[in-house]
Amino acid sequence: MQPTQLSFTTGIGTGNCGTALTTAGTTFVNLTCGGLYTGGGGNSVPLPYAVPDMGQSFTKVTACSDPALTLSGTTPTEAGVGNICTQGAVTKRGTSCTANSDCATPCTVNGDCFSGGSIGTCLGGTCTTAVCSFEKCTNAGCLFGQPLPIPNPASTPTSVCVINVVAQNASGTADCRSGASAISLPLTSQLYLVGDLEPTAPGIQVCPVCTFTCNTGSNASGPCTVDADCGGTAGSCVGPNVCHGGPSYPHVACTPDDSPQTKSFPTTHGCPPALGLSIGSIPIAFALTTGTTSLTAGDYSANAQCTASSQPFNCCTGAGAGSCIGQSNVFCGFCRDANAKGSGAKTGCFEGDPAANCPHNSACLSGGAAPQPYRCCTGAGTGICDISNSGCTALHTPWQCCTAAGAGTCDTNPYAVCSIAGVTSFGCTDGNASSPQTGQGAWPDCEQRDAGAFGPAGGGVKTITETGAPAGDLTNGLGHASTLVSRFCIPPTFNPTVDSAGDLPAPGAVALPGTAQLKP
């Protein structure tokens, strides 16, 4: 019988699945199975982050020629399980659904609605922010895995909760005899700057957790999984499981979606982070494999861009020579202003950064052949410094994020990777108002925030390698142990607190141990 789906369920890892090597070839750090690593060499957040277990995803078998399988994404209906109301009418919370409308009624007052950890809005008998979360499918809009806590004990307020959403339908291949697979699954990572939601509880509760409740002690009414979380009094940690996300978060019934690996768990999409804590989202080009994936950093030489004295940078002294600022060990380069011309340039900003000290039209003084203070200025108060779809005139003009006149991804994703492992994707010519796409622009340098990977003190890291494990013969229809691995680039979030602590933009790597199974 031809299989119809390939299921993968994440587990808790043991041992190492990879390495980060220095330029000298020595091991900087072993990469643990079940661990997520992010950031450049200056990262200050303790690594790795624990990846939630029990996360199940289904891909669809669209073609089978033994042993080769062709895979695609599944719809919520095809996945068949894991679709529940996570926002909307209080009475529908946690119930099965197939569309947002299934979660929207009934309501008569705002208190009948639940929205992102707070009271929602009831309008005309319908909750306006109803959400049916699709937890196990792999088409665009489906959730991938459980809420992912990124705790930072070195700076608790910079702790982030991540909700991963599939950005494009999954696609890939598998071998039903060896259990090898390779799946492309681009994600949108929704970020919530949370800190510690339950400061009286042990550990850092970055995402809302689904646990028992303390009935006494210094953590009274707070989350617990054992009596020790409440101070140790026998019988002080009592059920049922309810959501805990801070003093004002409703203690509604929930079911944990993962194991309590650390005090930041268990999490569930039934207890979503408060919408008001959102700081936006970033795209992640996620590609999973049971094989080996490796990334070796390149070096960015700004002096190599020099064509003559003071061209295209003032730091140039001649062709290929100068005192310009470069960067070694660049895994994932993004367009940046390290060497641009202009009296206000050399800001260190990455293209698209809304911070006040970065290039903006409002700061423009003049245009012409030598625009001031930035290369993207066209006149007093005018320019192409502020990136938006409305300013697009053609494909990649005047910014890489443009797809056509008045269209693009600039409003949601103004950044793109200009180099991966030293291989250039495109030249950082955006923001050259006098001649778009033909010269050095306002963000001419292709760099990370800092060199290397997985700091602290990771500036010398040169190569990242993760090694997966195929599942073996899957034709018996049983579950088989397997490990999926990925390495990827993380763009800037443009939140200065998060980017500084996590040293973003930078590379990332993860190993997901779990169980693979073919479904009839």
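These exercises work through a predicted model of one protein chain.

**Exercise 1. Overall build**

Task: Determine how many helices and strands the chain has, and how its radius of gyration compares with the globule rule.

Solution:
- Step 1. Start with the secondary structure. The protein chain has two helices and 39 strands.
- Step 2. Turn to the radius of gyration, which is 25 Å. The globule rule gives 24 Å for 520 residues, so the chain is as compact as a globular protein of that length.
- Step 3. Add the outer dimensions. Along the principal axes, the C-alpha atoms fill a box of roughly 75 × 55 × 45 Å.
- Step 4. Check burial. Of the 520 residues, 52% count as buried.
- Step 5. Look at contact range. Take the contacts between residues at least 6 apart in sequence: 63% of them join residues at least 24 apart.

**Exercise 2. The nonpolar cores**

Task: Find which residues touch the most other members of the largest nonpolar core, and which strand gives the largest share of that core.

Solution:
- Step 1. The largest nonpolar core has 67 residues. L36, F144, F286, F331, F454, I464 and L512 touch the most other members.
- Step 2. Strand β39, residues 506–519, supplies the largest share of this core, with six residues.
- Step 3. A second, separate core holds 28 residues, including F313, Y374, W399 and C428.
- Step 4. Now take I464 and leave out residues up to four places away in sequence. I464 then touches T19, L31, T293, S294, L295, F331, A453, F454, P507 and A509.
- Step 5. Set this against a general trend. In soluble globular proteins, nonpolar side chains tend to be buried together.

**Exercise 3. The setting of T10**

Task: Place T10 in the secondary structure and decide whether T10 is buried or exposed.

Solution:
- Step 1. T10 belongs to strand β1, residues 5–10.
- Step 2. The relative accessibility of T10 is 13%. Buried means under 20%, so T10 counts as buried.
- Step 3. Find a polar partner. A polar atom of the T10 side chain lies 3.0 Å from the backbone oxygen of P52.
- Step 4. List the contacts, not counting residues up to four places away in sequence. T10 touches P52, D53, M54, G55, L512, P513 and G514.

**Exercise 4. A three-stranded sheet and its disulfide**

Task: Give the order of the strands in the open sheet with β19, β20 and β21, then locate the disulfide between C224 and C237.

Solution:
- Step 1. The order is β20-β19-β21, and the pairing is antiparallel.
- Step 2. Identify the edges. β20 (223–224) and β21 (237–244) each have a single partner strand, so one side of each has no neighbour in the sheet.
- Step 3. Examine one pairing. Two bridges join β19 (residues 209–214) to β20. F212 stands opposite C224 in β20.
- Step 4. Follow C224 to its sulfur partner. C224 and C237 form a disulfide, with sulfur atoms 2.2 Å apart. The angle about the S-S bond is 100°, and the link is right-handed.
- Step 5. Map the ends. C224 is in strand β20 and C237 is in strand β21, 13 residues apart. C224 and C237 are both buried.

**Exercise 5. Bonded and unbonded cysteines**

Task: Assign the handedness of the links C332–C489 and C418–C446, then explain why C64 and C176 are not bonded to each other.

Solution:
- Step 1. Begin with the count, which comes to 21 disulfides.
- Step 2. C332 and C489 are joined with an S to S distance of 2.1 Å. The torsion about their S-S bond is about -80°, so this disulfide is left-handed.
- Step 3. Locate that pair. C332 is in strand β29 and C489 in strand β38, 157 residues apart. C332 is buried at 0% relative accessible area, and C489 is buried at 11%.
- Step 4. C418 and C446 are joined at 2.0 Å, S to S. Their torsion is about 110°, so this disulfide is right-handed.
- Step 5. Locate this pair too. C418 is in strand β34 and C446 in strand β36, 28 residues apart. Both C418 and C446 are buried.
- Step 6. Now take C64. The closest cysteine sulfur is in C176, 5.6 Å away. A disulfide needs sulfur atoms within 2.5 Å, so this distance is too far for a bond.
- Step 7. Compare burial. C64 is partly exposed, with a relative accessible area of 33%, whereas C176 is buried at 6%.

Methods: Residues numbered from 1 in each chain as written. Predicted model: local features only at pLDDT ≥ 70, side-chain atom pairs only at ≥ 80, totals over all residues. Heavy atoms only, no water. Core = buried A, V, L, I, M, F, W, Y, C linked by side-chain atoms within 4.5 Å. Buried < 20%, exposed > 50% of the residue type's maximum accessible area, 1.4 Å probe, protein only. Helix = DSSP H or I, 4+ residues; strand = E, 2+ residues; numbered from the N terminus. Contact = heavy atoms within 4.5 Å. Polar contact = N/O pair within 3.5 Å; in protein donor to acceptor, adjacent residues only side chain to side chain. Pairing = 2+ DSSP bridges. Rg over C-alpha atoms; globule rule 2.2 N^0.38 Å.
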